[in-house]
Amino acid sequence: MKSFTVFVSGSGTNLQAIINKVKEGYIKAELSLVVSDNSNAYALKRAENAEIETAVFNFKKFNSKRNFENAILKKLKEKNIDFIVLAGFMRVLSPKFINKYPDKILNIHPALLPSFKGTHGIKDAYEYGVKVTGPTVHFVTENVDSGPIIIQKAVEIKENDTLESLEEKIHKAEHQIFPEAIKLFVEEKLKVKGKKVIIS
Ligand code: GRF
């Protein structure tokens with residue numbers, strides 16, 4: 001069975017959705033480690049409640065990004081991690097790190113890429129006034145928010161939507177498509193061909 005890790009920095013609602021789907025047997029892989037750069041992340045509590053090992057790497061305690069990433073890589077090697085899921089992890093990984101796991105790092109972004117890249121994907125779409133937005137699951141490559149797209153889900157922005165109601169709808173869609181994408185990956189149904197992901 002493949003073994004994977006989820007990287008988090010915050011609340012961890014996506015992590016929770018993934019934990020639930022692993023428990024149900026929908027995702028047939030072992031979630032063996034949760035990594036965080038933030039010791040206060042509520043996501044760590046969720047992992048502990050599910051009896052999943054956690055590892056915190058406080059960026060400020062390392063004297064370089066390289067050392068920070070090397071410490072994480074060492075831990076992943078120890079745990080025989082096959083692939084990585086970024087679920088609200090607020091740090092950009094270096095090309096060196098990403099190249100250790102080519103086409104093996106999945107990320108979720110809360111907007112329909114390539115629109116509204118960056119850290120405020122929901123707010124930016126809401127303020128722009130688009131009528132449709134929604135989350136994107138993609139492979140991570142050296143360019144942030146630009147890797148091959150696995151799944152997207154359209155979410156309508158209605159006139160009576162507030163930023164909060166939109167956030168709620170986006171998160172609900174995220175909790176659906178992220179486990180779906182992970183399941184497809186685990187079952188080796190995803191093939192990356194250039195910019196495209198072919199789903200078999
Ligand atoms: C999600 O909206 C995700 O798209 C973004 O960060 C947020 C994480 O939320 N990358 P949570 O910690 O899973 O609740």
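**Exercise 1.** Identify the residue with positive phi that follows helix 3, and test the length of this helix.

*Solution.* Helix 3 is followed by Asn-80, whose phi is positive, near 55 degrees; helices here are DSSP runs of H or I with at least four residues, and strands are E runs of at least two, numbered from the N terminus. The model is predicted, so that local features need pLDDT of at least 70 and side-chain atom pairs pLDDT 80 or more, while totals for chains, interfaces and linings use all residues. Residues are numbered from 1 along each chain as its sequence is written, and side-chain values use heavy atoms, without hydrogens or water. With an expected span of 1.5 Å times one less than the number of residues, the 14 residues of helix 3 (65-78) should cover 20 Å, which agrees with the 20 Å between its end C-alpha atoms.

**Exercise 2.** Determine which residues of helix 3 are buried and how they are arranged around its axis.

*Solution.* Phe-68, Glu-69, Ile-72, Leu-73, Lys-75 and Leu-76 are buried, meaning under 20% relative accessible area with a 1.4 Å probe and protein chains only, whereas exposed means over 50% and partly exposed lies in between. Because these buried residues fall within an arc of 160 degrees, taken from the directions from the helix axis to the C-beta atoms, they line one face of the helix. The face turned away from the buried side carries the exposed residues Arg-66, Lys-74, Lys-77 and Glu-78. Among the elements covering the buried residues, by contacts of heavy atoms within 4.5 Å, are strand 1 (3-8), strand 2 (30-36) and helix 4 (95-100).
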